[in-house]
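Q: Could you take me through this structure by asking, for each term, what earns it its name?

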Amino acid sequence: MTARRLEWMEASGVATRVGARTVLTTTMTAVAAALAVACGGGGHGGGGFAFATGGAGGSAAEQAALVAQGKQIFRFDTFGDEAHWTGTLRMHEVISTAVSPATALEVGLKVDAEALPLAVVQGIQDGSVDLKSPATTVALLKLDAVVGLKGTVETIGGKDALTRVGVTCALCHSTVDNSFAPGIGKRLDGWANRDLNPGAIIALSPALDAARKAIYLSWGKGKYDPRFNIDGLSKPVVIPPAYGLEGIHSVTFTGDGTDIAYWNRYVAVTQMGGQGNFSDPRLNLNITHGTADFVTSKLPALQAYQLSLKAPAAPAGSFDAAAAARGKVVFDGAGKCASCHSGALLTDANSTLHPPSDSMAEPETPSYAFRSATRMYRTSPLRGAWQNAPYFHDGSAATLEEVAATYNTRRALGLTPQEITDLAQYLKSQ
């Protein structure tokens, strides 16, 4: 380990055991990761380990209760990560003084319209609620109305003061339907918040130096690097959706775990900074935060809720049905898509992981796959692809037309322009 790397890690204050050595890894990156890949899947260790999972067994009433519990965890539980967001990053100070609702919306944060009292709704509509005041953001946090942020607001000197703040799974894996205004509406749990700019949010922290801020600001909206605090490299991936995962075991881009519980634990502990433990010998990684475990007992319910989230159907009229029908023929035939996007789940992820050379985003530097436990990629499910732009793990394809064209070129498929268009329409129908 270089002196520069060790100095960078020691500046953070989070204890991590890598192999037989104990080093200090970056709190800011551990916390930053919460912003982008939070709660995409997860358990304790790597493939072949047995960890708590949710969704199997019990009566229908018991399962419904488990899902309801998981919904609360997904939306509102921080796993004790306030120790990082508040104690180290001091984000409560930034929010209280510099983050107005207008600023929050600019960096992709969302507001749950259903959590707003009528008086607040009317105040926003008539302009009497000041959307350029950080005090309004504190008021929204007090109402639990900011999706993915959990604040503790106390009365100090006769005024509301934000004293603690943490993040939840919903920060990155929920958005809103914009039914009230852009960025304000009803929650859409499981939808990747591709408007969110995690790096820009983290860069607001007064605990970061200029070099670290530059790294976070380079990521851009809708992207996050969940390995950055582990290996010190920076190559963000797009925030993945957390819906449509029922029946799929390899839930991450690289298929590191065997169920969602693996990734939930990884994110909760190593990225959000939650209190608990994550261990995976394949990564030579064993991280413990705090002396209490606020993660393990919540994994079954959290997974049960995530598995209940269905991929959204493509809206009527959003694609050309006749072209989509022709596109399915291409998908199953000349396009060779069905060789990997197979079966009812449109993925072979449960049985096969693919080498980096199969990825349309590779070769890349650094390779995201080589930084993972499997060093491979899974085939991404296609359900909900219509609303999930940009595409490929690095977001290098802005549209489904670009996806089809890229495959045609890289695989020398010989598709005609019409077949590429039809294939894109079929993908839009998923």
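A: Let us begin with a single residue: A338 sits in the loop between α15 (321–332) and α16 (400–410), where helices (H or I, at least four residues) and strands (E, at least two) are DSSP runs numbered from the N terminus. The model is a predicted one, in which local features need pLDDT of at least 70 and side-chain atom pairs count only at pLDDT 80 or more, while totals for chains, interfaces and linings use all residues. Residues are numbered from 1 along each chain as its sequence is written, and side-chain values use heavy atoms, with hydrogens and water left out.

Q: Why is A338 called partly exposed?
A: Buried means under 20% relative accessible area and exposed over 50%, with partly exposed in between (1.4 Å probe, protein chains only). The relative accessible area of A338 is 26%, so the residue is partly exposed.

Q: Which residues is A338 in contact with, leaving aside its neighbours within four places in sequence?
A: With those neighbours set aside, A338 is in contact with F331 and D332, contact meaning heavy atoms within 4.5 Å. The C-alpha atoms of A338 and K328, which are ten residues apart along the chain, are separated by 9.5 Å.

Q: What makes the pair R90 and E93 a salt bridge?
A: A salt bridge is a side-chain nitrogen of Lys or Arg within 4 Å of a carboxyl oxygen of Asp or Glu. The closest N and O atoms of R90 and E93 are 3.2 Å apart, so the pair meets that rule. By this rule the count comes to 17 salt bridges. R90 has a relative accessible area of 33% and is therefore partly exposed, and E93, at 34%, likewise counts as partly exposed.

Q: How do you know that D195 and K110 meet in a salt bridge, and what does the pair tie together?
A: The N to O distance for D195 and K110 is 2.8 Å, which lies within the cut-off, so the pair qualifies. D195 lies in the loop between β8 (187–189) and α10 (198–202) and K110 in the loop between α6 (101–106) and β3 (111–112), so the pair ties together parts that are 85 residues apart in sequence. D195 counts as partly exposed at 37% relative accessibility, whereas K110, at 7%, counts as buried.

Q: Where do R187 and D112, which also meet in a salt bridge, lie?
A: Their side chains meet at 3.0 Å, N to O. R187 lies in strand β8 and D112 in strand β3, so this pair ties together parts that are 75 residues apart in sequence. Both R187 and D112 are buried.

Q: Why are α3 and α14 called roughly perpendicular to each other?
A: Angles under 35 degrees count as roughly parallel, over 145 as roughly antiparallel, 65 to 115 as roughly perpendicular and the rest as oblique. Helix α3 (residues 60–76) and helix α14 (residues 299–308) pack at an angle of about 95 degrees with their axes 7 Å apart, the axes being lines fitted to C-alpha atoms, for helices over the stretch in contact, and angles running from 0 to 180 degrees between N-to-C directions. The two helices are therefore roughly perpendicular.

Q: What makes α5 and α8 oblique to each other?
A: The axes of helix α5 (residues 91–98) and helix α8 (residues 134–142) come within 6 Å and cross at roughly 125 degrees. That angle belongs to the rest, outside the other ranges, so the helices are oblique. The contact is made by I95, S96, T97 and A98 of α5 and P134, T137, V138 and L141 of α8.
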